[in-house]
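Thanks for coming, everyone. I would like to take you through one structure today, so please have a look at it before I go on.

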Amino acid sequence: MGLRYQRRRLLPVTSTGYTRKRDYILDKRRNIAYVYRMKNDIEPANKGESEFDADDLSLISLAQEYSDEDKARELLERLRWPNGAICPHCKNDGKTKPNSKLTPKAGSKSAVRKGVYFCGACRKQFTVTVKTVFEGSHIPISKWLMAWFIVCSSKKSVSAHQLHRMLKITYKAAWFMAHRIRFAFGGDTEKLTGTVEVDETFVGGKGEAKTNFSRHVPVVALIERGGKMHTRVVSNVSQMNLGKCLAECVDKSAIVNTDNHDAYKPALKEYKRHDVVNHSKLEYHRINPDGSIATTNSAESFFSLLKRGVYGSWHHVSREHLPKYANEFAFRWSNSRMTDGARMAVGIPMVEGKRLMYRKPAN
Ligand SMILES: [Zn+2]
């Protein structure tokens, strides 16, 4: 008996406007008129209009609602201090000794700079940009926010030339801005637990075989499976360097998966378990007797993404700045399961206490 093809019937429409199973209009086999409401049309019932939600942030909302410098500063304050202003000098959160916003007194001729707060504890003045990567920048905050959104949402990153064209700032400013954002993503010291995949790759090194060796730079990725990750740029893949990376980033209770590189073995004796995937015997994925999976495929995926950034967006990265480029990809990887706006809201508080300057200040 031959195969019988049954024509699929359209399912009945429910009260929410969807068919029971295939609820997306392009999944339908036949072209039908647009009679169903698409998912984005439906507003959640409990969403107040005035309530701020970082998920709603997009380039459009930044351009339409936050292009004004005062509103952009308010948004930056809201993202950096979700629970009220915190003094960068003494860390006063304003709960017992409130931080007040300075406003000019009635009849006073002296101007008060916008966005200046007065700390109730140490009595010093501060703004939202003090002791952050934004400090001392002449670029408007509205452009900074756009740059943050672009960097947080571009999966294969963005070049400084593209930022320079998109934001109408000089190339030099765009390059430095992008590096300050990348710098803010670094410095996370939380140790990884559970199952951690560790692998290394070489970035750069275009040229003759002799020069290639001196130019390519090893990058180590340490990824908690299903969680966050760290990267480290090392001078060479030695036992000492890998041991240092593991000690800095991975908790001793973790099960560590690596390839069959011998340099991992001594350092990993102190850890709960070391699962080796033998790449030289073409083993890339193994199911252990206890049901756990040994693989470094997440690390390979990360390297694939990082190299898309090098080949496709940056074209060249120097050894000196590579840690910052790797930080950027690690940040997006660690915060991948969220909207672009929410990722920006996670990234902006990381500016706390970080400044990147062309040279060290004299005093
Ligand atoms: Zn203070």
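Cys-119 has 0% relative accessibility and therefore counts as buried, where buried means under 20% relative accessible area, exposed means over 50%, and partly exposed lies in between, with a 1.4 Å probe and protein chains only. Cys-90, by contrast, is partly exposed, at a relative accessible area of 32%.

I should say early that this is a predicted model, in which local features need pLDDT of at least 70 and side-chain atom pairs count only at pLDDT 80 or more, while totals for chains, interfaces and linings use all residues. Residues are numbered from 1 along each chain as its sequence is written, and side-chain values use heavy atoms, with hydrogens and water left out.

Both cysteines belong to the zinc site, whose protein donors are Cys-87 (SG), Cys-90 (SG), Cys-119 (SG) and Cys-122 (SG), lying 2.3 Å from the ion; donors here are N, O and S atoms within 2.8 Å of the metal (3.2 Å for Na, K and Ca), and since water is not among the atoms, sites may look incomplete. In sequence, the spacing of these donor residues is C-x2-C-x28-C-x2-C. Cys-90 and Cys-119 link distant parts of the chain, 29 residues apart: Cys-90 sits in the loop between helix H2 (69-80) and strand E1 (100-101), and Cys-119 in the loop between strand E2 (117-118) and strand E3 (125-126). Helices (H or I, at least four residues) and strands (E, at least two) are DSSP runs, numbered from the N terminus.
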